[in-house]
Amino acid sequence: MNKEKIIIVMPAYNAAKTVKQTLEAIPRGSYDEAILVDDLSKDNTVEVARELGLKVIVHEKNKGYGGNQKTCYNAALEAGADIVVMLHPDYQYDPRLVPFLTGLISAGVCDIMLANRIRTRKEALKGGMPFYKYFFNRCLTITENIVLGLNLGEYHTGYRAFSRKALEMINYELDSDDFVFDQHILVQAAACGLRIGEIPVPAKYFDEASSINFRRSFKYGLETLWILCRYIFHKLHIAPSEMFRPKETAGTEIKN
């Protein structure tokens with residue numbers, strides 16, 4: 001039995017066809033509660049989730065992918081979570097990895113765990129990842145490793161687990177409500193000195209799986225580069241920002 005309370009959060013948008021399959025694939029006994037946050041879906045995601053017994057939070061207006069995650073993490077912390085797993089309910093990621101992601105956090109090895117989709121180029125492309133996404137993923141990941149001084153295999157996965165300590169330390173409420181939220185929170189984690197680990201995960205691409213088009217991907221790439229620039233400016237004391245500082249020190253004067 002887990003000593004820590006593990007809560008799975010599912011940021012949902014039009015996931016009615018896949019949420020049941022996702023939930024049923026999570027190993028029994030690997031979590032204590034699951035919370036689905038619906039971002040004004042156009043299908044019956046809310047009804048299906050409630051029938052499955054999930055705790056459901058419904059946004060009155062679409063807040064975006066990042067805005068959805070903010071609600072997810074706030075709700076999990078309020079529910080007393082010690083470890084929070086973000087699992088998309090579109091069945092793109094393998095839910096069977098939940099206990100492996102949480103295990104390394106529970107053991108005190110890592111504060112944040114990522115599920116890396118890029119074990120090999122062949123596997124990623126065979127799983128359906130568009131080549132342009134693979135290419136930009138590799139370029140951005142290399143750049144982020146250089147800037148942040150880390151050695152991660154992928155920063156752009158949507159399958160993650162956080163310790164309570166990490167979520168309480170990171171100023172994620174200051175982050176974007178768009179897709180680049182995923183990069184904001186990792187850059188902040190690096191800035192706070194949190195320990196980030198990863199394990200491999202196969203990912204599937206199909207019609208019901210969430211994905212952004214080339215235009216949105218290009219915008220996301222530029223925004224990722226910009227947050228890295230802001231991090232550099234912060235480290236060099238050129239333009240210090242509260243978003244890169246732990247919450248307990250936010251609001252105090254930044255000294256050059």
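**Chat: the sheet and its helices**

Mentor: Start with helix α8, keeping in mind that this is a predicted model. The helix lies across β4, β5 (112-116), β6 and β7, and runs at about 40° to β6.

Trainee: OK, and what's the strand order in that sheet?

Mentor: It goes β3-β2-β1-β4-β6-β5-β7, so to speak reading across: 7 strands in an open sheet with mixed pairing.

Trainee: Which strands are at the edges?

Mentor: β3 (55-58) and β7 (196-200), as each of them pairs on one side only.

Trainee: And how much are neighbours turned against each other?

Mentor: By 20° on average, if you ignore direction.

Trainee: Which helix packs on β1, β2 and β3?

Mentor: That's α3 (residues 64-78), which touches β1, β2 (33-38) and β3, and also β4 and β6 (160-163). The direction of α3 makes about 155° with that of β1.

Trainee: Let's do pairings. Do β1 and β4 run parallel or antiparallel?

Mentor: Parallel, with 4 bridges joining β1 (residues 6-12) to β4 (residues 83-86). If you want a spot to click on, Val9 stands opposite Met86 in β4.

Trainee: What about β4 with β6, parallel or antiparallel?

Mentor: Antiparallel, again with 4 bridges. Ile83 has Ser163 of β6 as its bridge partner.

Trainee: And how many bridges between β5 and β6?

Mentor: 3, in the antiparallel sense. There, Ile112 has Phe162 of β6 as its bridge partner.

Trainee: Where do the β6 side chains go?

Mentor: Arg160 and Phe162 point one way, Ala161 and Ser163 the other way. In a regular strand, side chains alternate between the two faces of the sheet.

Trainee: Are those four buried or exposed?

Mentor: All buried, Arg160 included.

Trainee: Switching to helix packing. What's the geometry of α8 against α9?

Mentor: α8 (residues 181-191) and α9 (residues 214-235) pack at about 20°, and their axes are 10 Å apart. That angle makes α8 roughly parallel to α9, because the cut-off for that label is under 35 degrees. The crossing is right-handed.

Trainee: Which residues make the contact?

Mentor: On α8 they are Gln183, His184, Val187 and Ala191; on α9, Tyr220, Thr224, Ile227, Leu228 and Tyr231. Sorted by class, that contact has 6 nonpolar and 3 polar residues, and no charged ones.

Trainee: What other helix packs with α9, and at what angle?

Mentor: α6 (residues 131-148) does, at about 5°, with the axes 11 Å apart. So α6 is roughly parallel to α9 as well.

Trainee: Who's in that contact?

Mentor: From α6 it's Tyr132, Lys133, Phe136, Leu140, Thr143, Glu144, Val147 and Leu148. From α9 it's Phe214, Ser217, Tyr220, Gly221, Thr224, Leu225, Leu228, Tyr231 and Ile232.

Trainee: And by class, how many of each?

Mentor: 11 nonpolar, 4 polar and 2 charged.

Trainee: Last topic, backbone angles. Where's Asn14, and what's its phi?

Mentor: Asn14 sits in the loop between β1 and α1 (19-25). Its phi is near 55°, a positive value in a residue other than glycine.

Trainee: Why does Asn14 count as partly exposed?

Mentor: Because its relative accessibility is 31%, and the class runs between the buried limit of 20% and the exposed limit of 50%.

Trainee: And what's phi for His237?

Mentor: Near 60°, so positive there too, in a residue that isn't glycine. His237 lies in the segment after α9, and is partly exposed with a relative accessible area of 42%.

How values were computed:
Residues are numbered from 1 along each chain as its sequence is written. This is a predicted model: local features need pLDDT of at least 70, side-chain atom pairs count only at pLDDT 80 or more; totals for chains, interfaces and linings use all residues. Side-chain values use heavy atoms; hydrogens and water are left out. Axes are lines fitted to C-alpha atoms, for helices over the stretch in contact, and angles run from 0 to 180 degrees between N-to-C directions. Helices (H or I, at least four residues) and strands (E, at least two) are DSSP runs, numbered from the N terminus. Angles under 35 degrees count as roughly parallel, over 145 as roughly antiparallel, 65 to 115 as roughly perpendicular and the rest as oblique. A crossing is left-handed if the near helix is turned anticlockwise from the far one by less than a right angle, and right-handed if clockwise. Contact means heavy atoms within 4.5 Å. Ala, Val, Leu, Ile, Met, Phe, Trp, Tyr, Cys and Pro count as nonpolar, Asp, Glu, Lys and Arg as charged, and the others, Gly among them, as polar. Two strands pair if DSSP finds at least two bridges between them. Buried means under 20% relative accessible area, exposed over 50%, partly exposed in between (1.4 Å probe, protein chains only).
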